[in-house]
Each structure stands twice: as structure tokens, then as C-alpha cells.
Amino acid sequence: MNTVQSGWKRSAWCRGVFLPILSLAALWLSASVAAAHNVTAGDAGYIQQIWGIKIIPFMYLGAKHMVTGYDHILFLFGVVFFLYKAKHVATYVSLFAIGHSTTMLAGVYFGWNVNAYLIDAIIGLSVVYKALDNLGAYQRWFGIQPNTKMATLVFGFFHGLGLATKILDYDLPEDGLLPNLIAFNVGVEIGQMMALAIILIAMGYWRRSQSFWRHAYTANVVMMCAGFILIGYQLTGLVVAS
């Protein structure tokens with residue numbers, strides 16, 4: 001083996017090991033300062049002080065939550081990773097939106113009291129599930145392929161419930177509650193479309209390069225590890241809080 005080939009292999013090995021570690025370290029640091037569904041102090045203060053129907057502010061808060069919720073973004077990234085046709089992307093994203101919207105609206109309106117740490121751990125599990133699905137793990141391990149559409153809908157329910165548990169902490173006033181929740185949910189969907197557009201544009205460029213298939217496996221392994229970190233972070237919070 002000549003020096004150039006040896007150097008290239010060492011460089012490839014470093015990219016394959018160092019980049020995932022760097023990504024996980026960045027995620028760990030971000031997780032240490034804020035949980036995925038936390039409402040910021042400023043937003044919480046605003047929510048607690050308002051009264052009546054506030055459509056535009058709640059739409060803004062919903063969109064802001066979506067584009068800054070890294071658990072949502074990771075799951076969406078995994079969902080569209082191997083989707084190439086627009087109709088397939090629309091189908092899966094719609095299923096996720098239906099699930100997310102249903103439990104967010106119902107959870108807040110009916111006051112479902114669910115442990116936030118446990119729900120967010122399940123949301124981390126959704127990221128792990130999708131990464132393993134993209135890696136073809138279920139077919140290799142068990143000889144079966146789970147229903148990906150049903151899984152997307154079910155995990156969408158948990159993503160929405162995770163947000164509902166946080167909103168309930170701030171005792172929204174009854175006056176204008178339903179219109180404000182609907183506005184918030186519309187904002188969430190707008191934020192989701194914005195995040196999805198960025199993901200699809202980036203994926204489109206990446207898929208046209210020769211590096212896509214070389215690094216697709218590594219990308220999903222990193223995503224899986226990120227999901228495990230989210231699970232560990234939330235379960236640690238559950239133990240500490242109990």
C-alpha cells in the first residue's frame with residue numbers, strides 16, 4: 001500500500017470516527033442546557049400573562065417551538081432520509097402532523113397529566129427506532145419490516161403529547177383557549193414545513209454527491225446515538241426528580 005492510499009484510509013477512518021463523536025458531543029452539550037420541549041422563560045411569562053384570543057402570537061410560538069425542537073428535527077430527518085418522491089414525503093409528514101396535532105390539542109384541552117420525562121424519553125426512542133429502520137436492522141435481526149407509516153403516526157402522537165405536557169405547566173387561561181391552541185398548532189405546522197424544506201434542500205444536494213451512500217450508514221448511526229443520548233438524558237431527569 002502506498003503512502004497516498006494509507007493517508008486516505010487514515011483520513012477516512014478519522015472522519016468516520018471523529019465526526020460522529022463531535023456530533024454527539026455537541027448534542028450532549030445542547031441537551032445539558034435545555035430539554036427538547038422546554039418553553040423558554042420569556043415565552044412562559046408571556047403565556048401566563050395573556051388573556052383572550054391571540055392568534056398571531058401563538059402561531060409564532062408554535063413555529064418557534066418546531067424549528068428549535070431538535071428531537072422533532074432529528075425524527076423528521078430520519079423519516080425523509082430515504083424518501084425521494086414528493087408524494088411519499090407528503091404522506092409521511094402528514095401522518096406525523098396528524099399524530100402531533102391530535103395529542104397536542106387534546107392533551108392541553110383535556111388536561112392529560114403525563115410525566116414529561118417519560119414522554120420525552122419515548123420521543124428519543126422514536127429517533128432510535130427510525131435510525132435502526134433506515135439501517136435495515138429489523139429485517140436483519142427479526143426478518144420483518146415494521147409498518148413505517150403506522151410507526152410515524154404513533155410516534156407523532158408522542159411528540160404532540162410531549163409538547164402538551166409542557167404547555168400544561170403554564171395554566172393557560174380558559175378565555176380563548178381553543179382558538180389559541182389551534183393557532184399554536186398551525187404555527188407548529190408552519191415551522192415543520194420550514195424545517196422540512198431546509199432538510200429536503202440539503203438532502204437533495206447531498207444525494208447528488210458521491211459521498212451520500214458512503215456516509216448514509218454513519219449518519220444514521222450518529223442519529224441513533226443521539227436518540228440514545230436523549231433517552232438517557234430524560235431518564236436521568238426522571239430519576240433525579242423522583
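This report describes a nonpolar surface patch and the surroundings of one threonine in a predicted model.

**Nonpolar patch**

Nine named side chains are not needed to locate the patch in outline: a nonpolar area of about 840 Å² lies on the surface, and its members include Val 67, Tyr 109, Trp 112 and Leu 178. Helix α9, which spans residues 177-207, supplies the largest share of this patch, with 5 residues. Phe 110 also belongs to the patch. This phenylalanine is placed in the loop that runs between α5 (86-109) and α6 (116-134).

**Surroundings of Thr 148**

Thr 148 is part of helix α8, residues 148-167. Leaving aside residues up to four places away in sequence, Thr 148 touches Tyr 92, Tyr 129, Lys 130 and Asp 133. With Tyr 92, the side chain of Thr 148 forms a polar contact of 2.6 Å. Lys 130 lies 18 residues from Thr 148 in sequence, and the C-alpha atoms of the two are 8.7 Å apart in space.

**Accessibility**

The two residues discussed above are classed as follows.

| Residue | Relative accessibility | Class |
|---|---|---|
| Phe 110 | 57% | exposed |
| Thr 148 | 18% | buried |

Phe 110 counts as exposed because its relative accessibility of 57% is over the 50% cut-off. Thr 148 counts as buried because its value of 18% is under 20%.

Technical notes:
Residues numbered from 1 in each chain as written. Predicted model: local features only at pLDDT ≥ 70, side-chain atom pairs only at ≥ 80, totals over all residues. Heavy atoms only, no water. Patch = residues over 30% accessible without salt bridge, like charges linked within 9 Å, V, L, I, M, F, W, Y side chains within 5 Å. Areas by Shrake-Rupley, 256 points an atom, 1.4 Å probe, with all protein chains shown as cover. Salt bridge = Lys/Arg side-chain N within 4 Å of Asp/Glu carboxyl O. Helix = DSSP H or I, 4+ residues; strand = E, 2+ residues; numbered from the N terminus. Buried < 20%, exposed > 50% of the residue type's maximum accessible area, 1.4 Å probe, protein only. Polar contact = N/O pair within 3.5 Å; in protein donor to acceptor, adjacent residues only side chain to side chain. Contact = heavy atoms within 4.5 Å.
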